[in-house]
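Work through the exercises below with the model open. Each task is followed by a solution in steps.

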Amino acid sequence: MVKITVVKTTAPRTRPDQNKLGFGRHFTDHMFIMDYTEGKGWHDARIVPYGPLEMEPACAVLHYGQAVFEGMKAYKSQDGRILLFRPEQNMARLNRSNARLSIPQFDEEFVLEALKQLVLLDRDWIPEAPGTALYLRPFVIGTDNVLGVRASSTYKLMIILSPVGAYYEEGLNPVSIWVEPHYVRAVRGGTGYAKAAGNYAGSLLAQKNAQAKGYSQVLWLDGLERKYVEEVGAMNVFFNIDGELITPDLGDSVLPGITRDSVLQLLKSWNIPAAERRLSVEEIFQAHADGRLVEAFGCGTAAVISPIGKLGWGERDIVINEGRIGEISQRLYDTMTGIQTGRLEDPFGWTVEVEG
Ligand SMILES: *Cc1c(COP(=O)(O)O)cnc(C)c1O
């Protein structure tokens with residue numbers, strides 16, 4: 001296996017106040033970099049002090065957006081162990097994103113090993129207050145200095161680490177969501193199933209408009225008919241209708257969330273009915289009118305579970321579960337975070353310990 005060279009920092013960075021971390025604002029002492037060159041493959045795997053990259057203005061990623069990323073977390077358990085949550089899933093998804101953007105595949109086991117080494121080196125940066133974690137951001141960019149539109153022949157795969165605070169400082173508060181009637185996040189045949197940087201750039205305008213209306217996130221509809229629910233913000237979404245938990249089926253325009261998959265497995269283990277199928281906004285609003293819409297929530301690595309308290313769709317506004325967190329949402333949140341932080345037993349074998 002390829003060796004990873006390590007250059008340790010001689011100027012450790014100042015640690016942020018653990019109670020004011022925010023999300024993705026602070027970075028640890030080190031980062032991982034590996035280069036790709038056509039004909040040579042991935043090479044020069046190294047851990048070096050965190051710092052700026054040097055690139056030419058012609059760098060491919062700056063023009064045509066050949067960039068993909070991942071988001072995952074490392075937790076410190078009460079007994080001092082460092083735990084990752086299903087990290088092999090993130091590695092596999094990063095390679096699927098690579099494939100979609102014509103970026104070469106990498107050795108998933110090797111990069112996971114590099115990630116563990118990096119986390120271990122910066123282990124003192126893992127915050128310990130409830131709800132906090134070390135957020136891990138692997139990403140890949142095309143680095144050719146050529147303006148022709150074509151796949152780059154050189155790349156960098158990097159990993160940076162950021163201590164993050166509780167996503168909701170005041171606890172698990174239900175959020176209000178705007179059903180976006182015009183803009184779409186992804187279309188069939190597009191890049192929606194990949195964690196491609198450009199997907200997020202394209203979502204910002206709708207997000208800004210929703211916030212101006214007083215909503216915190218956008219509910220994305222399908223790109224063809226704008227009738228069927230796909231995702232909420234950068235999260236997957238579930239609706240509890242009459243005790244059945246319904247989430248949009250994946251297709252290729254929905255991001256296959258690891259939290260979504262874990263939620264489905266938990267529901268199954270609890271014998272709670274769940275379905276992956278097409279779900280129209282009309283059906284959701286009708287279920288609410290009939291008193292059958294019990295609860296709704298988004299799910300993803302950053303927030304884990306994010307209850308939805310209000311949905312706005314054109315002139316219509318509905319309040320879900322009196323704006324309170326639903327019973328199953330709360331149970332999922334407690335169980336997921338319990339397993340992730342080692343507080344609860346892990347019957348699924350999801351957690352992976354990073355050992356020095
Ligand atoms: C990352 C992401 C998710 C959630 O995926 P997880 O693996 O659960 O973190 C959902 N939707 C979008 C668009 C995303 O980018």
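**Exercise 1.** Which residue in S13 is the bridge partner of Asn-240?

Solution. The model is a predicted one. Step one is to locate the two strands: S12 covers residues 236-241 and S13 covers residues 244-247. They run antiparallel and are joined by three bridges. Step two is to read off the pair: Asn-240 is bridged to Leu-245 in S13.

**Exercise 2.** Describe the connection between S12 and S13.

Solution. The two strands form a hairpin, with two residues between them. Then check the backbone of the turn: Asp-242 has a positive phi of about 55°.

**Exercise 3.** In which sense, parallel or antiparallel, do S13 and S14 pair, and what is the handedness of the crossover between them?

Solution. Start with the pairing: S13 and S14, the latter made of residues 274-276, are parallel and share three bridges. One pair to inspect is Ile-246 with its bridge partner Ala-275 in S14. Next, follow the chain from S13 through helix H6, residues 258-269, to S14. This β-α-β crossover is right-handed.

**Exercise 4.** List the closest residues around the ligand and give its polar distances to Lys-195, Ala-234 and Thr-259.

Solution. First, the surroundings: 14 residues surround the ligand, and the closest are Lys-195, Tyr-200, Glu-231, Thr-259 and Thr-301. Second, the distances, taken against the polar contact cut-off of 3.5 Å:

- Lys-195: a polar side-chain atom is 2.7 Å from a ligand oxygen.
- Thr-259: a side-chain N or O atom is 2.6 Å from a ligand oxygen.
- Ala-234: a polar backbone atom is 3.4 Å from a ligand nitrogen.

Third, the burial: the ligand exposes 380 Å² when taken alone, and the protein buries 96% of that. Last, the site: the ligand takes up the space of the largest pocket.

Notes:
Residues numbered from 1 in each chain as written. Predicted model: local features only at pLDDT ≥ 70, side-chain atom pairs only at ≥ 80, totals over all residues. Heavy atoms only, no water. Pairing = 2+ DSSP bridges. Helix = DSSP H or I, 4+ residues; strand = E, 2+ residues; numbered from the N terminus. Right-handed = clockwise from strand over helix to strand, strands pointing away. Near = heavy atom within 4 Å. Polar contact = N/O pair within 3.5 Å; in protein donor to acceptor, adjacent residues only side chain to side chain. Areas by Shrake-Rupley, 256 points an atom, 1.4 Å probe, with all protein chains shown as cover. 1 Å grid on protein atoms, 1.4 Å probe; cavity = no way out; pocket = protein on both sides within 12 Å on 5 of 7 lines; lining within 4 Å. Sits in = over half its atoms within 2 Å of the grid points.
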